[in-house]
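Here are my comments on the model you sent, set out as numbered points. Please read them with the sequence and the coordinates open beside you.

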Amino acid sequence: MHSLLSKLSLAVQKVWSGLQKIPAKSLLSASESPAGFAAIAGLGLGAVILLNITSGTSEDDTVFAPTAPAPASSTSLDQATQSDDVAMPQENAAPQDKPVERFTLGRNETLINLLSRAKIGRRNAHAAVNALGNVTNLRKLQRGQEIRLQRSPAEDAVIQRLWIRDTFDEQAIAKREEGSYRALREAVPTITLTRLVEGVITDNLYMSAKREGLPDSVIINLIRMMSFNVDFEREIRQGDGFQVYFERRYAPEFDDMENGRILHVDLALQRRPVTATWFQDAEGNDDYFDQTGESTRRALMKTPLDVAVVTSRYGRRKHPVLGYTRMHKGVDFRAPTGTPIMAAGDGVIEMAARNGSYGNYIRIRHNGSYKTAYGHLSKYGKGIKKGRRVKQGQIIGYSGATGRVTAAHLHYEVLVNGQQANPLTLKLPTGRVLSGDDLGRFQKLRQALNADIAAVRSAQLLQKESPAGVAQAQ
């Protein structure tokens with residue numbers, strides 16, 4: 001029992017120490033959702049209870065809150081004494097242990113090279129690295145990766161422990177035990193928070209959302225998920241509103257944040273309102289659905305690139321190079337060279353090669369009826385070749401000016417039963433429609449999300465109307 005309480009206390013102390021490192025203003029902003037605030041409040045309460053349990057209580061079982069901790073330094077997360085089962089670095093360890101050292105992987109530097117730079121013995125370094133190779137892909141280590149090591153108490157050239165945080169929420173560890181190394185993976189404790197960003201479109205969705213503080217990665221995911229049923233060139237207008245409610249994960253031990261999935265989106269377009277809510281059914285399948293429970297996903301995306309401006313529509317036109325009028329059997333999107341192009345739907349690459357006036361060209365077969373084609377590419381995506389299966393939204397190439405063109409752009413075609421059709425007006429089949437218990441659970445989820453959003457908006461309004469908020473606005 002004492003061992004269990006010690007471990008629980010240690011875990012809470014690590015999270016609590018991490019929370020202390022964040023400025024109060026940033027922490028409140030990060031935890032603006034009721035759920036996020038409850039998580040942080042729960043951790044604080046847990047810290048109080050566990051710290052008192054482990055330190056003992058008085059005879060009448062009165063629990064006293066601990067005194068306020070001293071301000072944490074930049075290394076405070078690593079200064080708590082750890083048990084052998086918790087592989088967190090120890091900056092201010094017991095006398096018999098050496099301090100944890102931090103190194104950053106340089107350009108074209110391998111882990112072995114880094115350890116040599118740290119003056120670790122070659123044989124010892126290879127033994128630790130070989131063990132780590134069983135639990136992580138060392139080939140994926142990149143420049144700037146932080147490597148942490150602790151030297152043996154007996155010899156500086158020998159590694160006692162080695163840590164590599166290879167994903168946001170996990171790290172790989174090599175521990176010296178009886179002259180050899182044991183490698184394992186350990187979860188990095190995280191707290192799930194949410195954030196609400198809303199605003200009015202003044203030029204385009206990307207720039208307007210960015211000005212309101214929506215992170216780039218979330219904007220790109222937003223555009224991708226809404227590309228199934230929103231024509232970004234014709235339907236987005238100045239004055240339209242947007243509201244995005246998304247998850248974030250905070251790792252107190254490392255004092256960093258990762259943006260997560262979008263939970264709910266509302267686009268107040270002048271032509272029609274568009275909404276999408278993330279939902280996972282009882283079988284673990286997840287997707288985005290509108291207010292009626294119909295999937296917002298279509299068989300094909302209307303626009304296969306993130307920022308779409310149509311420069312030439314489907315139909316008869318005067319050819320910009322040849323000079324005479326002919327049928328334009330696709331849609332041209334303005335796209336500077338190097339703009340990522342996405343597969344409009346799941347399918348198999350039918351062609352990825354030079355194709356006459358199309359230049360570098362890709363054609364994807366989606367099913368027995370639909371195909372899509374992409375022309376004038378500057379280059380193909382990694383691994384893209386004939387016969388390769390691709391997923392909707394996967395980057396298949398990059399825009400360019402190959403073939404018969406006057407400027408860089410994407411020529412996009414949709415073929416239905418072998419004949420080109422207008423991608424912007426084509427009526428595409430919808431995805432799944434929720435029913436029964438799944439529909440009931442989805443509607444309850446929407447109600448809960450809407451209540452959270454309403455609470456956040458009220459809190460934001462009160463903050464703006466407070467004397468401090470008014471002074472900040474001025």
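1. Which residues does Gln-392 touch, not counting residues up to four places away in sequence? In this predicted model, the list consists of Phe-228, Arg-297, Arg-298, Ala-299, Leu-300, Met-301, Ala-343, Ala-344, Gly-345 and Asp-346. Gln-392 itself is placed in the loop that runs between β19 (389-390) and β20 (395-399). Although it sits in a loop, Gln-392 has a relative accessible area of 16% and counts as buried, because the cut-off for that class is under 20%. Its side chain also comes to 2.8 Å from the backbone oxygen of Ala-344, a residue that appears among its contacts as well.

2. A second loop position worth inspecting is Gly-144, which lies between α5 (122-132) and β2 (146-151). Gly-144 is partly exposed, with a relative accessibility of 46%. Once its neighbours within four places in sequence are set aside, its contacts are Thr-104 and Leu-105. Gly-106 is 38 residues away from Gly-144 in sequence, yet the two C-alpha atoms are 6.3 Å apart in space.

3. On which side of α5 do its buried residues lie, and what covers them? The buried residues of this helix are Asn-124, Ala-125, Ala-128, Val-129, Ala-131 and Leu-132. Around the helix axis they span an arc of only 160°, and therefore they fall on the same side of α5. In general, an α-helix has 3.6 residues a turn, so residues three or four places apart point the same way. The face of α5 turned away from this buried side carries Arg-122, Arg-123 and Asn-130, which are exposed. The cover over the buried residues includes α4 (111-117), together with β3 (159-167), β4 (170-177) and β5 (180-187).

4. An open sheet of five strands, in the order β6-β7-β8-β9-β10, is paired in the antiparallel sense. Its edges are formed by β6 (191-200) and β10 (286-289), and since each of these has a single partner strand, one side of each is left without a neighbour in the sheet. Neighbouring strands of the sheet are turned against each other by 25° on average, when direction is ignored.

5. Within that sheet, β7 and β8 are joined by ten bridges in the antiparallel sense, and one position to check is Tyr-250, which stands opposite Met-257 in β8. The hairpin made by these two strands has four residues between them, and in it Asp-255 adopts a positive phi near 55°.

6. The next pair, β8 (residues 256-268) and β9 (residues 273-280), is also described as antiparallel, with five bridges joining the strands. These strands likewise form a hairpin with four residues between them. For the register, His-264 has Thr-277 in β9 as its bridge partner, while Val-265 stands opposite Ala-276 in β9.

7. Finally, which helices lie across these strands, and at what angles do they run? Helix α7 (residues 216-226) lies across β7 (241-251), β8, β9 and β10, and runs at about 40° to β8. Helix α8 (residues 436-465) lies across β6, β7, β8, β9 and β10, running at about 115° to β9.

Definitions and conventions
Residues numbered from 1 in each chain as written. Predicted model: local features only at pLDDT ≥ 70, side-chain atom pairs only at ≥ 80, totals over all residues. Heavy atoms only, no water. Buried < 20%, exposed > 50% of the residue type's maximum accessible area, 1.4 Å probe, protein only. Polar contact = N/O pair within 3.5 Å; in protein donor to acceptor, adjacent residues only side chain to side chain. Contact = heavy atoms within 4.5 Å. Pairing = 2+ DSSP bridges. Axes fitted to C-alpha atoms, helices over the stretch in contact; angles between N-to-C directions. Arc of directions from axis to C-beta.
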